[in-house]
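Me: I'd like to walk through a model with you, one question at a time. Could you reason each answer through for me?

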Amino acid sequence: MNKQLNIFNTLSGKKEKFIPINTGKVGMYVCGPTVYDFPHIGNARPLVVFDVLFRLLKKLNGDDKVTYVRNITDIDDKIIEASKNKKIPIDKLTKDITKNFHDDCKYLNCLKPNFEPRATEHIKGMISMTENLLNNKHAYEKDKHVYFSVNSFKNYGKLSNKKPDELEAGSRVEISKLKNNPLDFVLWKPSSTDDPGWDSPWGRGRPGWHLECSVMSEKFLGKNFDIHGGGLDLVFPHHENEMAQSCCANETDKFANYWLHNGYVTFNKEKMSKSVGNIVTIQKMREKINGQVIRFALLSTHYKQPLDWNEKLINESQNTLDKWYSLFEKIGENELSDDLLQPLLQDLNTPGYISKLHSLYDKASKGDKYSKKLFLTGCNAIGLLEEDLKSWEKFKKTNSKIDEKTIRIKIKNREDARKNGNYKLADSIRKDLEKSGIIIEDKNDKTKWRYK
RNA sequence: GGCCACGUGGCGGAAUGGUUACGCAGAGGAUUGCAAAUCCUUCCAUCCCAGUUCGAUUCUGGGCGUGGCCUCCA
């Protein structure tokens with residue numbers, strides 16, 4: 001069977017064969033967080049989706065053949081604003097949120113990218129890319145601002161499938177008078193003395209939003225690389241602008257060959273927004289849900305489809321993993337069967353893959369050793385069942401309001417009642433325990449208990 | 001207004017020019033003092049209308065509906 005990966009490319013609007021620029025080597029850049037606020041479930045989706053892709057690419061090409069770069073944007077107007085609102089110095093804010101983000105990544109069992117560059121470490125590169133664009137007449141300076149001239153890039157709008165003139169007509173943005181064209185975007189802007197700033201040929205200032213990704217992707221992956229990923233909301237304007245400035249600065253036709261975008265997460269069918277107050281932060285979930293549950297839930301829908309986040313989804317994911325954990329065993333690195341791999345090779349079809357895992361689970365639980373090994377390998381391949389049983393049980397323990405000693409006493413009482421034929425009492429004890437999140441199972445002659 | 005995506009059983013969710021996965025829920029049974037767990041069996045779906053075709057859920061056109069983007073966003 002073939003091991004050809006096919007992925008949907010936003011640039012062409014089609015599913016394409018994935019062919020890396022250098023055979024057997026892959027470079028992938030994914031837009032990371034702007035560190036101004038705690039990451040939420042919507043931020044978690046690309047983290048998990050592209051982590052699965054990263055794992056798959058490693059499986060297909062070899063562990064050390066994939067370079068995964070995910071930036072941290074630590075200079076941005078949103079950060080400046082958040083710092084003022086929260087009255088936290090920028091350094092502390094970005095440091096804290098970055099730390100939090102890393103904890104979230106770990107919690108979601110995401111592998112570390114090979115590089116995680118910060119925007120503020122690449123200001124020099126951004127300045128020289130801006131100079132370069134100015135020299136090539138792709139940008140212009142006005143009143144200490146430098147703007148990218150959208151008209152100078154003939155392919156502008158190709159990625160997001162938009163026509164520049166239509167964009168202008170529908171523009172609802174308040175247009176800066178300094179711009180020659182309403183679509184032009186800022187590469188460099190002046191900073192007030194209170195705001196973070198760096199010396200530049202255009203005075204003390206800071207970079208525009210899109211520039212960091214252009215500069216850092218080039219530094220770590222080159223002018224032309226394989227995969228660029230991110231959330232659907234980044235297609236326009238972020239990725240469109242990134243591509244425009246990179247192609248113009250690098251004098252290339254190609255920037256990223258394949259663009260992948262994950263769909264949105266809604267919350268109870270509503271768009272997540274701060275004004276509605278329905279943002280679920282990952283930090284909050286860490287308190288009582290195992291990260292694998294979140295991971296599983298995020299993978300239960302194809303990455304391009306919208307995903308609704310709700311209680312039922314979490315419960316079902318939790319129950320499935322609970323069932324799967326009954327077969328838990330630590331196993332080493334193993335090969336996936338071609339058959340199992342197929343759905344992932346078709347544009348990362350994780351629901352199809354999970355369905356195959358279900359069928360392997362069935363065979364495995366009936367004693368098929370080969371299926372069991374494959375099942376466990378398959379789970380591990382998408383970052384599931386890597387934690388041992390004890391840590392899987394941990395959350396159930398913390399969530400239950402009863403200690404083990406009490407449980408044992410109650411079970412003993414129930415045993416006695418049963419022996420005396422007092423089933424009424426026995427049943428009420430069981431009901432009681434169930435309310436505390438404990439399930440009783442009478443197996444053979446022994447009574448077993450477990451957390452709900 | 002422009003552009004785009006989507007519409008599959010009670011719910012979630014894949015795939016496909018020809019037998020429509022899978023999970024949850026439901027029903028029946030085995031088991032049990034009763035349960036739970038497990039096992040077995042089982043019910044249920046491709047928005048509407050045309051067209052192409054031997055055959056459409058899949059392709060084409062139209063309609064209806066939902067959502068998104070065109071402003072910061074994962």
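What follows is a set of questions and answers on this predicted model.

Me: Happy to start with the RNA. Which residues come nearest to RNA strand B?

Reply: Being near here takes a heavy atom within 4 Å of the strand. There are 47 residues around RNA strand B. Those that come nearest are Trp209, Gly231, Asp233, Leu234 and Arg430.

Me: And what percentage of the atoms of RNA strand B within 4 Å of the protein belong to sugar or phosphate?

Reply: The atoms in question divide between sugar or phosphate on one side and bases on the other. An example of a sugar or linking oxygen is the one 3.3 Å from a polar side-chain atom of arginine 450. The share that belongs to sugar or phosphate is 61%.

Me: Bases are in play too, then. How far is a backbone N or O atom of aspartate 442 from a base nitrogen of RNA strand B?

Reply: A polar contact needs N or O atoms within 3.5 Å. Glycine 42 offers one such pair, with a backbone N or O atom 2.8 Å from a base nitrogen of RNA strand B. For aspartate 442, a backbone N or O atom and a base nitrogen of the strand are separated by 3.0 Å.

Me: Let's sort that surface by class. How many charged residues does the surface near RNA strand B have?

Reply: The nonpolar class contributes 13 residues and the polar class 16. Strand 14, residues 438–443, gives the largest share of this surface, with four residues. As for the charged residues, they number 18.

Me: Now for the empty space. Which element gives the largest share of the lining of the largest pocket?

Reply: The largest pocket holds about 1,200 Å³ of space. It is lined by 38 residues, with Tyr36, His40, Gly42, Asn43 and Asp233 closest to its centre. Helix 1 (41–61), helix 6 (211–221), strand 9 (225–231) and strand 11 (265–267) each supply at least two lining residues. With four residues, the largest share comes from helix 1.

Me: And by class, how many nonpolar residues does that lining have?

Reply: Charged residues in the lining of the largest pocket number seven. The polar ones come to 14. The nonpolar count is 17.

Me: One last residue, please: is valine 215 buried or exposed?

Reply: Valine 215 sits in helix 6. Beyond its close sequence neighbours, within four places, it is in contact with His122, Gly125, Met126 and Met129. Its relative accessibility is 8%, and the cut-off for this class is under 20%, so valine 215 counts as buried.

Key: Residues are numbered from 1 along each chain as its sequence is written. Chains are lettered from A and ligands numbered from 1 in the order in which they are written. This is a predicted model: local features need pLDDT of at least 70, side-chain atom pairs count only at pLDDT 80 or more; totals for chains, interfaces and linings use all residues. Side-chain values use heavy atoms; hydrogens and water are left out. A polar contact is a pair of N or O atoms within 3.5 Å; within protein, one must be able to donate a hydrogen and the other to accept it, and residues adjacent in sequence count only if both atoms are side-chain atoms. Ala, Val, Leu, Ile, Met, Phe, Trp, Tyr, Cys and Pro count as nonpolar, Asp, Glu, Lys and Arg as charged, and the others, Gly among them, as polar. On a 1 Å grid over the protein atoms alone, a cavity is a set of points where a 1.4 Å probe fits but cannot get out, and a pocket is an open set with protein on both sides within 12 Å along at least five of seven lines; lining residues have an atom within 4 Å of a point. Grid points are joined across faces, edges and corners, and a volume is the space filled by probe spheres set on the points. Buried means under 20% relative accessible area, exposed over 50%, partly exposed in between (1.4 Å probe, protein chains only). Contact means heavy atoms within 4.5 Å.
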